[in-house]
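The following exercises concern ligand contacts and helix packing. Please work through each task before reading its solution.

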Amino acid sequence: MTDRLVALVTGAGSGIGRATTLRFVQSGAAVLGVDLNPEGLEETRRLSGAPGGVATLVADVTDLEAPKAAVDKAVSVFGRLDCLINNAGIGRAKAAHDTTDAEWDLYIAINLTSLFRFSREALRTLEPGRGSIVNIASVFGLFGHPHTAPYAATKAAVVGLTHQMAADYGPRGIRVNAVAPGVIETALTKERIERDPRFQALNIDPIPFPRLGHPEDVANAIYFLSSDQAAYINGHVLAVDGGWSVT
Ligand code: NAD
């Protein structure tokens, strides 16, 4: 059995999930990347420069079969699973009055229910003292914020789930933490960063730091929380936002 960390990263075909996959691989870990998008996953694998260290599974995280298929594949390819990174997510500007039932249900399914199901499945195999889960929340889940009703509701629930699971599984030696990114330049935010003056005024101008966040900034925090450098950190929500949430 290998001693390197083995991580399962959802949404590994773009943005923060891709940067996280590359960060783990650079540190000698192996990663099973899961994404809907086969081309994105393949590009992540190519960029890793270590094709043997990255296995992929094309799947929709809302598919009932996906969590078991992903955990089974990580264990069969790499022999174990140590870290689950619940990252796949969607997000657009939407106020409550503007949100259809179908949109609401989709946010809940992708941004919340899938994290619960992947966690439940990973808990079958995560090893006490070594296993951990990192959920990707958002600063919009920590504070009231305009035009983010379904997104913020799911991200606030992710914070609650993180705290609750930390309390349940910490006693078993399995840590559960979250990161709460601010504005990070990815496909998710590109259009609003470039074209939405209201987004600029609310979310970018107040950042007390001279640049936007990069996916690698979040990947570094995720890797830290997953590693034994964070061995006594459990139930923490780490904002990676250039200080936006404290202004
Ligand atoms: P992104 O759009 O660049 O990447 C998201 C990835 O998830 C894509 O590869 C997409 O194909 C995949 N995905 C989406 N739905 C899926 C599904 N149903 N099944 C499988 N894969 C699916 O976005 P990102 O900015 O890297 O976001 C990653 C996470 O970070 C999300 O949870 C997002 O809410 C969170 N986040 C991002 C920001 C930001 O500013 N970018 C801020 C706070 C939180």
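**Exercise 1.** Determine how far a backbone N or O atom of Gly182 lies from an oxygen atom of the ligand, and then describe the other polar contacts given for Ser14 and Asn87.

*Solution.* The model is predicted, so local features need pLDDT of at least 70 and side-chain atom pairs count only at pLDDT 80 or more, while totals for chains, interfaces and linings use all residues. Residues are numbered from 1 along each chain as its sequence is written, and side-chain values use heavy atoms, with hydrogens and water left out.

Step 1. The distance from a backbone N or O atom of Gly182 to a ligand oxygen atom is 3.2 Å. A polar contact is a pair of N or O atoms within 3.5 Å; within protein, one must be able to donate a hydrogen and the other to accept it, and residues adjacent in sequence count only if both atoms are side-chain atoms.

Step 2. Ser14 places a polar side-chain atom 2.6 Å from an oxygen atom of the ligand. For Asn87, a polar backbone atom is 2.8 Å from a ligand oxygen atom.

Step 3. There are 27 residues around the ligand (a heavy atom within 4 Å of it). Ser14, Asp35, Asn87, Tyr151 and Thr186 come nearest.

**Exercise 2.** Establish how helix 1 and helix 2 are arranged, and which residues make the contact.

*Solution.* Step 1. Helix 1 covers residues 15-26 and helix 2 residues 38-48. Helices are DSSP runs (H or I, at least four residues), numbered from the N terminus.

Step 2. These two helices pack at an angle of about 30°, with axes 10 Å apart. Axes are lines fitted to C-alpha atoms over the stretch in contact, and angles run from 0 to 180 degrees between N-to-C directions. Helix 1 is therefore roughly parallel to helix 2; angles under 35 degrees count as roughly parallel, over 145 as roughly antiparallel, 65 to 115 as roughly perpendicular and the rest as oblique.

Step 3. Contact (heavy atoms within 4.5 Å) involves Arg18, Thr21, Leu22 and Val25 of helix 1 with Gly40, Glu43, Thr44, Leu47 and Ser48 of helix 2.

**Exercise 3.** Describe the packing of helix 1 against helix 8.

*Solution.* Step 1. Helix 8 spans residues 215-226 and packs with helix 1 at about 55°, the axes being 8 Å apart. The two helices are therefore oblique to each other.

Step 2. Helix 1 contributes Gly15, Ile16, Ala19, Thr20, Arg23 and Phe24 to the contact. Helix 8 contributes residues including Pro215, Glu216, Val218 and Tyr223.

**Exercise 4.** State how helix 3 and helix 4 pack.

*Solution.* Step 1. Helix 3 (residues 66-78) and helix 4 (residues 101-122) meet at an angle of about 40°, with their axes 9 Å apart. That makes helix 3 oblique to helix 4.

Step 2. Ala66, Pro67, Lys68, Ala70 and Val71 of helix 3 make the contact with Arg117, Phe118, Glu121 and Ala122 of helix 4.
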